[in-house]
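Student: I would like to learn how to read charged contacts and enclosed spaces in a protein model. Could you take me through them one by one?

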Amino acid sequence: MAGRHKRHRGRPSARAALLAALLPGAALGQSLTPDGQTLPVYGQTEEVQKTPAGPALAPTESPDQARRFADGTEASHTPVVSVRPGSVRITGSGEETAADPATLLADEVMLSADNKLTASGGVVIWYRGARLVASRVVYDNATGAAVIEGPIHLTEPARSGTPDETILIADSAQLDPNLQDGILRGARLVLAREMQMAAREMRRSENGNVTRLDNVVASSCQICAEDPIPLWEIRARSITHDRRTRKLHFERPQLRALGLPVATLPWLTAPDPSVERMTGFLRPQFRTTSGLGFGIKLPYFITLGDHADITLTPYIAASRTSTLELRYRQAFSNGAMEWNGAISRDDIEQGHTRGYLFGGARFELPRGYMLGLQIQMASNRAYLLDYDISEADRLWSGLTLDRVRRDRMVMARIGNYESLRDDEPEAATPTMVADALWKRRWTPERIGGIANLEWSLHAHRRSSSEDGESGRDMARGSVSLGWLRSAILPGGLVGTVQTQANVDFYRINQDSAYEDWVMRADPVLAAELRWPLARHSGGVTHMIEPVAQLIWSPDRDDDDDVPNEDSRLIEFDEGNLFSLNRFPGRDARESGWRANLGLSWTRIDPAGWSVGMTAGRVFRSDADPAFENSGLLGGHRSDWLLAAHYSGANGLAISNRALFDDSFSISRNELRLGWFRPGLQVSAGYLWFDSDESESRPDDVSELTMAGGWQIADGWWATTETRYDFTADRAQKAQLGLEFRNECMTVEMSVERRFTSSEELRPDTRFDLGIRLGGFGRQKPGPGTVARRACLR
């Protein structure tokens, strides 16, 4: 069995820590991920790139940790909290003790007169969870020691496939009775099937927890007999591995690349492959930007127990910047928080100290309430872009409270807005904004259907004291009561009756164009008929559904006019074609008689693909004054809506939505494409919007956004991202990345160009380079495949 043993290849790795061999006199404890892993998820399997069961339309922008709110601001990242399960120990029949007998299997067993037991021929010994495979074992009953002839293969099967798995191979050994401690010669130690260490002699002590290898070579690269020189290796006088602390201590290590010496240190400490978090230096990042020049980031990660950590990152760039970045994360029994910040002195704005602070926290309160806290501050938007922190142009700081249940919802939010846009006057954006919402739905006993009741409060305040739009302050309280019931009518028709009553109370300050107090009521009545039709033939399903909806609400009285603060951006798509009100807020509402007409068709093929189309239009008895500045829904007839989608079993999804008038002049068009396959990930979107003064869009919008990744060859993964503005005839940004991964190292390179320019911003080109060596710290898989060395046999 031992004679047929094969070399273990390194486990595919996407993130590995770089041995900071150029830092003399420092003890390095490295975390596997570039930013350190806080609060490891115990008992969960690693994420693996898989093709989804069905295609999903990819977003036009890559999702990140700062997802945008509906108001255009971004949410600060809050770490995910994992619950550590209780300690579990699996044993055999009862608790194991030192007196437990060993199980011996061999072709031949002899007991000599001097009280020595000799086993030979395919020897296998099981003792206290350890399995020893050897060709010959001589056991001295008097001393308890064992002399073993190899090839020797010592493992713990219970740890197989786990990060704590250890494989020990040797030519000969002299072990203590526990089969763990002793001296092994011509030994090789493999940790977690990643890090391999070969030595002339190995000494194990403290029940196998401490292993010392002398005159040792360590590497996570696969080594072939015909070409024994690995891509990289560390040669050291000795390496000591402590399984309890999960650390590797190198004495006089020398880093070699392709057999050539690169750097030598007096000593070095690094994590073994099972480590997720450990105090020490993380991998450095080399960066070159046109604004800051060549620089290096060297993060230092500090663990504060299992519940918190700090990362300090000095950033020095070509005498042009001195920056210190800080990240603090902490988990509590009921939540978690994360704070990111930096302070810089550079020659972009000479003599000025710039910085930022982003923080987020989320806590679980009694009765299912969730409390959130967010703080966002920055010197200016240019600083966020110069240091590749965020593309946010509006910052929000405040508190949130929410509770969501099956039949009710409570949400509250209060905070401060800060605009970083050059073209937006400071007074135009309210600084303090507060919102509260309570909503409940239930089924009335006598009339059936679904009823819902909603209470909401809103208030905002501007910093200006001027009269008019630049200084207007508002407060609103609203009540909404609705009821809906559907029934299947003769002939397969589906009829729906819906009614709603809305009441709003407004308090308007610092704007003489409006009354100080305004109260308005808007009842709505609606009736809807749907006729779903389906046809099955040869495994193919066709579905057609015509829909007609008639809605009435009273015409708006001029005395009830209020400023439109929350309903300026109007969407018209298949999602709200049959909505009672297409305005996103409460300040503006549709009124009068109107009919929403639509037709949808879907084809489902047994091969796994489907295609569908939706067409619709809105007709009005009289033009709605709320849409007088909007060409989409204004007048007696809205634009035509035509939407189509395709979804294939091969991971391809395409969606297109267009709005056009009777002369087929397109006012809006949105095309989105997503393709997710092994070795290929594409997300693209094209937008066309006509100019619209009512939505503060003086120019047409014609923009292409694309992000993608593809497998060039085994181990080579390329990424690209771009955004091109056809109206301005220039790109806003472009990025190209290249990553090479094999079983023992990862090299990442990226170049990015930002073309945006203004009084504060200037175009910038950025190049990043990162190198990580495998086998130090636990690693997560990345996209694509891993290049493996092919050994001839």
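Tutor: We will go through salt bridges first and cavities afterwards, keeping in mind that this is a predicted model.

Student: How many salt bridges does the structure hold?

Tutor: The general idea is that side chains of opposite charge can pair when their charged atoms come close. In this structure there are 51 salt bridges. One of them joins the side chains of Asp662 and Arg637, with an N to O distance of 3.8 Å, which falls within the 4 Å cut-off for such a pair.

Student: Which parts of the chain does the pair of Asp662 and Arg637 tie together?

Tutor: Asp662 sits in the loop between β36 (652-660) and β37 (666-677), while Arg637 sits in the loop between β34 (610-620) and β35 (640-647), so the pair ties together parts that are 25 residues apart in sequence. Asp662 is partly exposed, its relative accessible area being 44%, and Arg637 is partly exposed as well, at 45%.

Student: Where do Lys733 and Glu721 lie, and how far apart are they in sequence?

Tutor: Their side chains meet in a salt bridge of 3.1 Å, N to O. This pair links distant parts of the chain, with Lys733 in strand β41 (residues 730-741) and Glu721 in strand β40 (residues 716-725), twelve residues apart. Lys733 has a relative accessible area of 14% and is therefore buried, since buried means under 20%, whereas Glu721, at 22%, counts as partly exposed.

Student: Is Arg741 buried or exposed?

Tutor: Arg741 is buried, with a relative accessible area of 2%, and its salt-bridge partner Glu739 is buried too, at 11%. The closest N and O atoms of Arg741 and Glu739 are 3.0 Å apart.

Student: Which residues are joined into one network by salt bridges that share partners?

Tutor: That network consists of Lys439, Glu454, Asp504, Arg520, Asp522, Arg586 and Arg589.

Student: Turning to enclosed space, how many cavities of 30 Å³ or more are there?

Tutor: In general, rolling a probe the size of a water molecule over the atoms shows where empty space is left. Here the count comes to four cavities of 30 Å³ or more, and the largest cavity has a volume of about 70 Å³.

Student: Which residues line the largest cavity?

Tutor: The lining is made up of Pro163, Asp164, Glu165, Thr166, Leu191, Ala192, His241, Arg243, Asp272, Pro273 and Ser274. Sorted by class, this lining of the largest cavity comprises four nonpolar, three polar and four charged residues.

Terms used
Residues numbered from 1 in each chain as written. Predicted model: local features only at pLDDT ≥ 70, side-chain atom pairs only at ≥ 80, totals over all residues. Heavy atoms only, no water. Helix = DSSP H or I, 4+ residues; strand = E, 2+ residues; numbered from the N terminus. Buried < 20%, exposed > 50% of the residue type's maximum accessible area, 1.4 Å probe, protein only. 1 Å grid on protein atoms, 1.4 Å probe; cavity = no way out; pocket = protein on both sides within 12 Å on 5 of 7 lines; lining within 4 Å. Points joined across faces, edges and corners; volume = space filled by probe spheres on them. Nonpolar A, V, L, I, M, F, W, Y, C, P; charged D, E, K, R; others polar.
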